[in-house]
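Here's a quick tour for anyone opening this one up for the first time. Have a look at the fold, then read on.

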Amino acid sequence: MITGFQQDALGDYIVKAPTAELDYTLDWSAWLGTDTISVSVWSIPIGLTVGAASNTPTTTTQWMGASTLGTTYNVTNYITSAGGRKDSRSFRVICRNK
């Protein structure tokens, strides 16, 4: 589940100002059940500045910074659970003035 994001016919997305520097969090708790996140890897396209990534037993977070006005970035988070299950969640980062 992606929390705090918007959704359209193409899927989940966030709108980000070009100079915004914020953390974006995915909540995996409903999918995990009693399992926990063991490994989290983010796929971030070139042009979207990123910083530290972190995770808790049920959430993953990626810091995102500078981006180019008018550009849409496709971001994916891949996880492996402690029980060996693997999945991914993707969303778009739409860069425009707010």
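Let's start with the five-stranded sheet: this open sheet has its 5 strands in the order β1-β2-β8-β7-β4, with mixed pairing. Keep in mind that the model is a predicted one. Along the chain from the N terminus, the elements come as β-β-β-α-β-β-β-β-β, which makes 1 helix and 8 strands.

**The sheet of 5 strands**

- At the edges of the sheet that runs β1-β2-β8-β7-β4 you'll find β1 (6-8) and β4, and each of them pairs on one side only.
- From one strand to the next, the twist in this sheet averages 35°.
- β7 and β8 run antiparallel and are joined by 9 bridges.
- Two of the residue pairs here are Asn77 with its bridge partner Arg89 in β8, and Tyr78 with its bridge partner Ser88, also in β8.
- β7 and β8 make a hairpin with 4 residues between them, and Gly84 in the turn has a positive phi of about 90°.
- On to the pairing of β7 with β4: these two strands run antiparallel as well, with 6 bridges joining them.
- If you want a residue pair to look for there, Ile37 has Ser81 in β7 as its bridge partner.

**The sheet of 3 strands**

- Another open sheet has 3 strands in the order β3-β6-β5, and its pairing is antiparallel.
- Why do β3 and β5 (50-55) each have one side without a neighbour in the sheet? Both stand at the edges with a single partner strand, so the other side of each has nothing next to it in the sheet.
- Neighbouring strands in this sheet are turned by 15° against each other on average, if you ignore direction.
- β5 pairs with β6 (residues 59-64) in the antiparallel sense, over 4 bridges, and a hairpin of 3 residues joins the two strands.
- Among the residue pairs across β5 and β6, Ser54 stands opposite Thr61, while Val50 stands opposite Met64.
- As a bit of background, strands of a sheet pair through backbone hydrogen bonds, which can be parallel or antiparallel.

**The nonpolar core**

- Which residues touch the most other members of the largest nonpolar core? Of its 16 residues, those are Met64, Val75, Phe91 and Val93.
- The elements that give two or more residues to this core are β3 (22-27), β4 (37-43), β7 (72-81) and β8 (86-95).
- Met64 also turns up in the strand pairing, where Met64 in β6 stands opposite Val50.

**Two arginines in β8**

- Arg92 sits in strand β8.
- Is Arg92 buried or exposed? Its relative accessible area is 12%, so Arg92 counts as buried, the cut-off being under 20%.
- The side chains of Arg92 and Asp8 are joined by a polar contact of 2.5 Å.
- Setting aside neighbours within four places in sequence, Arg92 is in contact with Asp8, Leu10, Gly11, Asp12, Tyr13, Ile14, Thr72, Tyr73 and Asn74.
- Arg89 is in strand β8 too, where Arg89 is the bridge partner of Asn77.
- The side chain of Arg89 has a polar contact of 2.7 Å with the side chain of Asp87.
- How many residues apart in sequence are Arg89 and Met64? They are 25 residues apart in sequence, and from C-alpha to C-alpha they are 16 Å apart in space.

**The chain as a whole**

- The chain has 1 helix and 8 strands, and its radius of gyration is 14 Å, close to the 13 Å that the globule rule gives for 98 residues, so the chain is as compact as a globular protein of that length.
- Taken along the principal axes, the C-alpha atoms fill a box of roughly 40 × 30 × 20 Å.
- Of the 98 residues, 37% count as buried.
- Looking at contacts between residues at least 6 apart in sequence, 62% join residues at least 24 apart.

Conventions:
Residues are numbered from 1 along each chain as its sequence is written. This is a predicted model: local features need pLDDT of at least 70, side-chain atom pairs count only at pLDDT 80 or more; totals for chains, interfaces and linings use all residues. Side-chain values use heavy atoms; hydrogens and water are left out. A nonpolar core is a set of buried Ala, Val, Leu, Ile, Met, Phe, Trp, Tyr and Cys residues joined through side-chain atoms within 4.5 Å. Buried means under 20% relative accessible area, exposed over 50%, partly exposed in between (1.4 Å probe, protein chains only). Two strands pair if DSSP finds at least two bridges between them. Axes are lines fitted to C-alpha atoms, for helices over the stretch in contact, and angles run from 0 to 180 degrees between N-to-C directions. A polar contact is a pair of N or O atoms within 3.5 Å; within protein, one must be able to donate a hydrogen and the other to accept it, and residues adjacent in sequence count only if both atoms are side-chain atoms. Contact means heavy atoms within 4.5 Å. The radius of gyration is taken over C-alpha atoms; the globule rule is 2.2 Å times the number of residues to the power 0.38.
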